[in-house]
Amino acid sequence: MEHKRLKLYAYLDARDHQRTYLAIMRLFTSTLLADLSAGEVAGALAGLEREGRVEQGESRIENVINRLKQLVEWGNLVQGRREVVAASIAEFQHGSVRYQVSKLAVRVQRDVDELLRVPEGAREVSRELLPAIERGLNELGGSLSVALLNEGDKTKELLAERVTTLFLQHAELAATVRDFYAYLGQVVTRNHLAPDEIAGFRNLLVEYIQRVVEDVLKYTPPIAEALAGLTRARSELLRLLGTDLGHNVERARGRTPEDWQELTDWFVDRPGRPSQVTALREATARAIGSLLASVKRATSGGGLLPGRRAELLKLASWFDNSTREEAHEIYASAFGLYSARHLSPAPEHDSDNERTPWRDGPVCDVTVSVRSRGDRGARGRPSRILDDPMTEQSLLAEAREADEIRARHVAELTKAAGNLENTTLTHGALEVFCELLTLAMAQRDSPQDSGSASDPVRGLKLEIAHGTTTQIKSAAGTLTLHDATVALKR
């Protein structure tokens, strides 16, 4: 199922005719219930072809039919038929076969168009939605009380309206937070920031992020309190919102317990699962730390600044805007590698030959010293490896002693395997037992599952399963395992 759905994205990275596929999908998703024939699609592509937005010849009917069949094979379009009045068999064939866009393909194309419209800069966080979410939860509690007293159609409609609005507001807030911190993470972790960039991000972090975090921390406690109040009446809320539309119908957000649990987890911490508010606070601290590190490198004089990044980017733009002949000249002038001179040392393995152009050869990594200072000299020298036989023998003796001690502890556990609960283990044997117990319990997803772990050298195996309470006695005390049965095997 996943592989079939992922094929819906194939037209975006097609080897050939990528612009044609994109134009066809935009044509089908531009109106509701689009039902087009190959001739109608060809007519629309003819205008795009004159504007140069698709390649020449793509509006020919035979090419359009091939593109539509390929989109049907990928699952983006579905075929249908309709009665038509045609003057010829060819016109009937072209007009009777209709094409419609599939539901999932509409989502793919909608996300693609939205992605192409997104600017490269940061996305503003919708902080104004936080008080709206708090207010919506309080109003939802009042509407739920009224609906429970009077289960009329109007009260249910008002309740559904408030739930839908609440989840739409939270979805927008969560999306803006994710996008903003994704952009922030990709920028502040760069090794090189220009002075004007550092000043801009300093204002961004100190002023804007501070306001975002303060607003989130301010409204989180009342929102968490309101969600806790709704938890007790969540079953009644879902019952009032429930409408039997079948299992294959995609319900609106807020109609399942999983939706409400996801909303609660965004604001409220759970044991072993921190909330998104906690993650936001930690991400802010990491971003500020990265910015301070960049400022330190820029002001200390020993870091990457002042660097050669601007010059390298300018050189890259020259290559990008030049013709093939100009690119060869720029390359020779910038790096001094003319046709009869090879200044760089030969690599250990060179798969190229004299007939391979430099643009098709392997990519060479630019070292930090070249990138920051333009210095190609080697720094430092490798230290000598000293031969210390006394230390070597001492370490080997310690390893042999540790192995003998562990062997005794494993042997003690092996001897106590048949009567584990009535045996008092030594401190070392208990450590080995706890080590195997930790590995076995890590394989369990729930208390009803079983798990096992073994010593890879001596073969002692520990198995744990759901059962009665088990007590393990030792010189340090008694280890009690509730609802668990432990067995040792050799």
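A salt bridge is taken here as a side-chain nitrogen of Lys or Arg within 4 Å of a carboxyl oxygen of Asp or Glu. In the predicted model, Arg-253 and Glu-262 form such a pair, with their closest N and O atoms 3.4 Å apart. Both partners are partly exposed: the relative accessibility is 35% for Arg-253 and 44% for Glu-262. The structure holds 19 salt bridges.

A salt bridge also joins Arg-98 to Asp-35, where the closest N and O atoms are 2.9 Å apart. Arg-98 belongs to strand E3 (residues 97-101), while Asp-35 sits in the loop between helix H2 (18-29) and strand E1 (36-37), so this salt bridge ties together parts that are 63 residues apart in sequence. Arg-98 has a relative accessibility of 4% and counts as buried because the cut-off for that class is under 20%. Asp-35, at 24%, is partly exposed. Asp-35 and Arg-98 are further joined with Glu-40 into one network through salt bridges that share partners.

Another salt bridge is formed by the side chains of Asp-215 and Arg-127, at an N to O distance of 2.4 Å. Distant parts of the chain are linked by this pair: Asp-215 is located in helix H9 (residues 195-231), and Arg-127 in the loop between helix H6 (103-117) and helix H7 (129-149), 88 residues apart. Asp-215 is buried, its relative accessible area being 18%, whereas Arg-127 is partly exposed at 26%.

Nonpolar packing was examined next. In soluble globular proteins, nonpolar side chains tend to be buried together. The largest nonpolar core of the model comprises 43 residues, of which Leu-137, Leu-159, Leu-173, Tyr-181, Ile-223, Trp-260 and Phe-267 touch the most other members. Two or more residues are given to this core by each of H7, helix H8 (153-188), H9, helix H10 (234-241), helix H11 (257-267) and helix H12 (276-300). The greatest contribution comes from H8, with 12 residues. Apart from this core lies another, of 29 residues, which includes Ile-24, Ala-34, Leu-45 and Val-101.

The surroundings of Trp-260 were listed without its neighbours within four places in sequence. On that basis, Trp-260 is in contact with Leu-140, Val-163, Leu-166, Phe-167, Leu-227, Leu-230, Leu-237 and Leu-238, together with Arg-234 and Gly-254.

Terms used
Residues are numbered from 1 along each chain as its sequence is written. This is a predicted model: local features need pLDDT of at least 70, side-chain atom pairs count only at pLDDT 80 or more; totals for chains, interfaces and linings use all residues. Side-chain values use heavy atoms; hydrogens and water are left out. Helices (H or I, at least four residues) and strands (E, at least two) are DSSP runs, numbered from the N terminus. Buried means under 20% relative accessible area, exposed over 50%, partly exposed in between (1.4 Å probe, protein chains only). A nonpolar core is a set of buried Ala, Val, Leu, Ile, Met, Phe, Trp, Tyr and Cys residues joined through side-chain atoms within 4.5 Å. Contact means heavy atoms within 4.5 Å.
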